[in-house]
Amino acid sequence: MIIVLSKDTLVIQKEQDVVPFRNRIKEYAVKIGMGLVNQTKLITAASELVRNMLRYGGGGTTIIEVVSKGRENGIRLTFQDKGPGIKDIQQAMKDGFSTGKSLGLGLPGARRLVNEFDIKSVVGKGTTVIVTKWKNG
Amino acid sequence: MDRIPILRMGNFLLVTIQVDLYDRLALNLESDLVQMVSKTGARGVLIDISALSIVDSFMGRIIGNIGSMSKIMDAETVVVGMQPAVAITLIELGLELKGVSTALNVEKGMELLRSKIGSFEDFEEEEHDDHRPE
């Protein structure tokens, strides 16, 4: 069972919002005592996901939560946009696939960097990605 | 608009990235650097990323681009000072930064650049000049 210890919502509308967002995640990660490597992995994954949200979803809302499961604490991030949605999620999760001009590492790379990864998308409605990184995960 | 300063030192251009970059800033750096290489005829570019706490796929691509673009402009690029946590994350992300030369710190990076463009010869010649008997 996952308990939410704290919750923070940030709206991301432009590129300049990304750096403060990353810093906020860092603050929470430090607060729960997450190690530097896991912090870096989490923030890098967040950076990929927030870029997708900006580029394909036209911005959206992010939620940073400190969560607890048993004795383990972690950070859960939610990325929610009201963009065009993803037609084929399986394809989007493949390494090297991109509808833009990027390397196509964003989604699959982010999944490798976190412990739990959940993506839901409805065409025409938007996309929601939820990831969790445990302190010692 | 924000810009990352580029310093010129002899044949080299030095860039120290001191702030966490958002995408536009990184793109500006890419185009500024290539233009500086063309304008100054620099033979080497040294990029210090020791203050960067993360390098994601976008930043990684920019670093790769700078290397390839400089190469076409006849300049070598060396990236120095990557933090261990950043290196671990990059590989797990799936970005190997192939084709980018790296060194542990600025000093080793400068050495590598010099050996790459063979400017040691120039230095030796200068030394000989100094010691030439009157």
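**Notes on the two-chain model**

1. Let's start with B:T102, which counts as partly exposed because 18 C-beta neighbours sit inside 10 Å. The scale behind that word: a residue is buried with 20 or more other C-beta atoms within 10 Å of its own, exposed with 12 or fewer, and partly exposed in between, the C-beta atoms being placed from the backbone. B:T102 belongs to strand β5 (residues 101–103) of chain B. Helices (H or I, at least four residues) and strands (E, at least two) are DSSP runs numbered from the N terminus.

2. Before going on, the ground rules. This is a predicted model, where local features need pLDDT of at least 70 and side-chain atom pairs count only at pLDDT 80 or more, while totals for chains, interfaces and linings use all residues. Residues are numbered from 1 along each chain as its sequence is written, and chains are lettered from A and ligands numbered from 1 in the order in which they are written.

3. What does B:T102 touch, once its neighbours within four places in sequence are set aside? The contacts are B:V78, B:V79, B:V80 and B:M82; two residues are in contact if their C-beta atoms, placed from the backbone, lie within 7 Å. B:M36, by contrast, is 66 residues away from B:T102 along the chain, and their C-alpha atoms are separated by 21 Å.

4. Chain B as a whole has five helices and five strands, and they run β-β-α-β-α-β-α-β-α-α from the N terminus on. Of its 134 residues, 32% count as buried. Take the contacts in chain B between residues at least 6 apart in sequence: 77% of them join residues at least 24 apart.

5. At the start of chain B, strand β1 (residues 6–9) and strand β2 (residues 12–16) run antiparallel, joined by four bridges. Two strands pair if DSSP finds at least two bridges between them. Within this pair, B:M9 has B:F12 of β2(B) as its bridge partner. The two strands form a hairpin with two residues between them, and B:G10 in the turn has a positive phi of about 60°.

6. β2(B) also pairs with strand β3 (residues 44–48) of chain B, this time in the parallel sense and over five bridges. Here B:L13 is partnered by B:V45 in β3(B). Add α1(B), and β2(B), α1(B) and β3(B) make a right-handed β-α-β unit. Right-handed means that, with the strands pointing away from the viewer, the path from the first strand over the helix to the second runs clockwise.

7. Two loop residues in chain B are worth a look for their backbone. B:D74, in the loop between α2 and β4 (76–80) of chain B, is not a glycine yet has a positive phi, near 65°. B:D74 counts as exposed, because there are 12 C-beta neighbours inside 10 Å. B:L97, in the loop between α3 and β5 of chain B, is another non-glycine with a positive phi, about 50°. With 18 C-beta neighbours inside 10 Å, B:L97 counts as partly exposed.

8. Over in chain A, an open sheet has five strands in the order β1-β2-β3-β5-β4, with antiparallel pairing. Its edge strands, which pair on one side only, are β1 (2–12) and β4 (116–122) of chain A. From one strand to the next the twist averages 15°, with axes taken as lines fitted to C-alpha atoms (for helices over the stretch in contact) and angles running from 0 to 180 degrees between N-to-C directions. Strand β3 (residues 72–81) of chain A is joined to β5(A) by eight bridges, and A:G74 stands opposite A:W134 in β5(A).

9. Helix α4 (residues 106–113) of chain A has A:G106, A:L107, A:G109, A:A110 and A:L113 as its buried residues. Seen down the axis of α4(A), these fall within an arc of 165°, so they line one face of the helix; the arc is that of the directions from the helix axis to the C-beta atoms. What do they pack against? The partners are α2 (36–57), α3 (89–92) and β5 (126–134) of chain A, together with α2 and α3 of chain B.

10. Finally, the interface: 18 residues of chain B are in contact with 22 residues of chain A. On the chain B side, α1 (23–40), α2 (57–72) and α3 (84–93) each supply at least two residues. α3(B) gives the most, with six residues. By class, this side has eight nonpolar, four polar and six charged residues; Ala, Val, Leu, Ile, Met, Phe, Trp, Tyr, Cys and Pro count as nonpolar, Asp, Glu, Lys and Arg as charged, and the others, Gly among them, as polar.
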